[in-house]
Amino acid sequence: MALLINPSLLAADFCNLERHIRILEESNIKSIHIDVMDGNFVSNLAFGIGEIKAINRITNMKLDVHLMINNAERYIETFVESGADSITVHEEACTHLYKTIQHIKSLGIEAGIALNPSTNINNLRYVFNLVNKVLIMTVEPGFGGQQFISSMKEKIVDTRVIKDKNKYGFEIQVDGGINSENIRSVVNCGATNIVIGSGIFDGGHIKENINKFYSIFDSSCIV
Ligand code: DX5
Ligand code: ZN
């Protein structure tokens, strides 16, 4: 099992973003999660093209871009040009999901689909074979620092069963409210790509917090 710890920059100190990015690199982090919010699909605003370009200029870590925006299809090329290595769109915000996923992949990067907590995993039935990543939101999207919705464990298990049964290649990503208390249970349910915001950045002890997450797992598991 390969486990990816994917820090969400939404919880970083924006006045010290470069310093925080260096700490993530020193902590052997390979991918960072960037939340883009449009104040429409979700009632918050975060990260735009300019910020992603700037981050891409200063790091080689992979940029995992989570689009919480309506009409995502209009902006795919712009996000790819800005440096995104992976783009995840929301099932609930994307009318032509199949076409959008194909578009993202045709530009040579990974494509993911995110599901709000109440969205049924079976909605992805006909596109499972296309996606690189299924993002199970474990909070309602829009804000960091919320409480993990424990019924999402059942959705993670359902997703893993579908994946194993059909030998699909997608990763199972979780995002929202993950901390050192619940990370083991989401991994046991089948998640392998773990987005963590406040659990890494709150209090500023970034390296220590990451090491705490690493220490829960055998180091051979961590990618
Ligand atoms: C919420 C975002 C998350 C958020 C996670 O809509 O998608 O990536 O930053 O933050 P925590 O880990 O604090 O819940
Ligand atoms: Zn996110």
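# Exercises around a sheet and a zinc site

In S9, Val 195 is the bridge partner of Asp 175. Keep that pair in mind as you work through this predicted model.

**Exercise 1.** Find out how the strands S8 and S9 are joined, and which helix packs on the sheet while touching S8.

Start with the two strands. S8 covers residues 171-175 and S9 covers residues 193-196; they run parallel, and 3 bridges join them. Now look for the helix: H5 (residues 152-166) packs on the sheet and touches S6 (110-115), S7 (133-137) and S8. Last, compare directions: that of H5 makes about 165 degrees with that of S7.

**Exercise 2.** Place these strands in the whole sheet: what is the strand order, and which strands are at the edges?

Read the order across the sheet: S1-S9-S8-S7-S6-S5-S4-S2-S3. That makes an open sheet of 9 strands with mixed pairing. Then check the ends. S1 (4-7) and S3 (45-46) each pair on one side only, so they are the edge strands.

Now zoom in on the S1 end. S1 and S9 run parallel, joined by 4 bridges, and Pro 7 has Ile 196 as its bridge partner in S9. In a regular strand, side chains alternate between the two faces of the sheet. Check S1 for yourself: Leu 4 and Asn 6 point one way, Ile 5 and Pro 7 the other, and all are buried.

**Exercise 3.** Go back to Asp 175 and work out which protein residues hold the zinc ion (ligand 2), and what the arrangement is.

First, list the protein donors: His 33 (NE2), Asp 35 (OD), His 66 (ND1) and Asp 175 (OD), which lie 2.0 to 2.3 Å from the zinc ion. Along the sequence, their spacing reads H-x1-D-x30-H-x108-D. Next, see where two of them sit. Asp 35 is in strand S2 (residues 31-38) and His 66 is in strand S4 (residues 62-68), so this pair ties together parts that are 31 residues apart in sequence. Both Asp 35 and His 66 are buried.

Now for the angles. Ideal values for six octahedral donors are 90 or 180 degrees. Around this zinc ion there are 6 donor atoms, subtending angles of 70 to 169 degrees, which makes the arrangement octahedral.

**Exercise 4.** Decide where the buried residues of helix H1 lie around its axis, and what they pack against.

Begin by picking them out of H1 (residues 17-26): Leu 17, His 20, Ile 21, Ile 23 and Leu 24. They span an arc of only 160 degrees around the axis, so they are on the same side of H1. Their packing partners are S1, S2, H2 (49-58), H7 (198-201) and H8 (206-216). Just beyond, H1 is followed by Asn 28, whose phi is positive, near 70 degrees.

**Exercise 5.** Phe 47 and Lys 167 have a positive phi although neither is a glycine. Is each one buried or exposed?

Take Phe 47 first. Its phi is about 30 degrees, and its place is in the loop between S3 and H2. With a relative accessible area of 9%, Phe 47 is buried, because the cut-off for buried is under 20%.

Then take Lys 167, where phi is about 55 degrees. This residue is in the loop between H5 and S8. At 73% relative accessible area, Lys 167 is exposed, since exposed means over 50%.

Terms used: Residues numbered from 1 in each chain as written. Chains lettered and ligands numbered in written order. Predicted model: local features only at pLDDT ≥ 70, side-chain atom pairs only at ≥ 80, totals over all residues. Heavy atoms only, no water. Donors = N, O, S within 2.8 Å, 3.2 Å for Na, K, Ca; no water. Tetrahedral: all angles 85-135°; square planar, octahedral: opposite > 155°, others 65-115°. Buried < 20%, exposed > 50% of the residue type's maximum accessible area, 1.4 Å probe, protein only. Contact = heavy atoms within 4.5 Å. Axes fitted to C-alpha atoms, helices over the stretch in contact; angles between N-to-C directions. Arc of directions from axis to C-beta.
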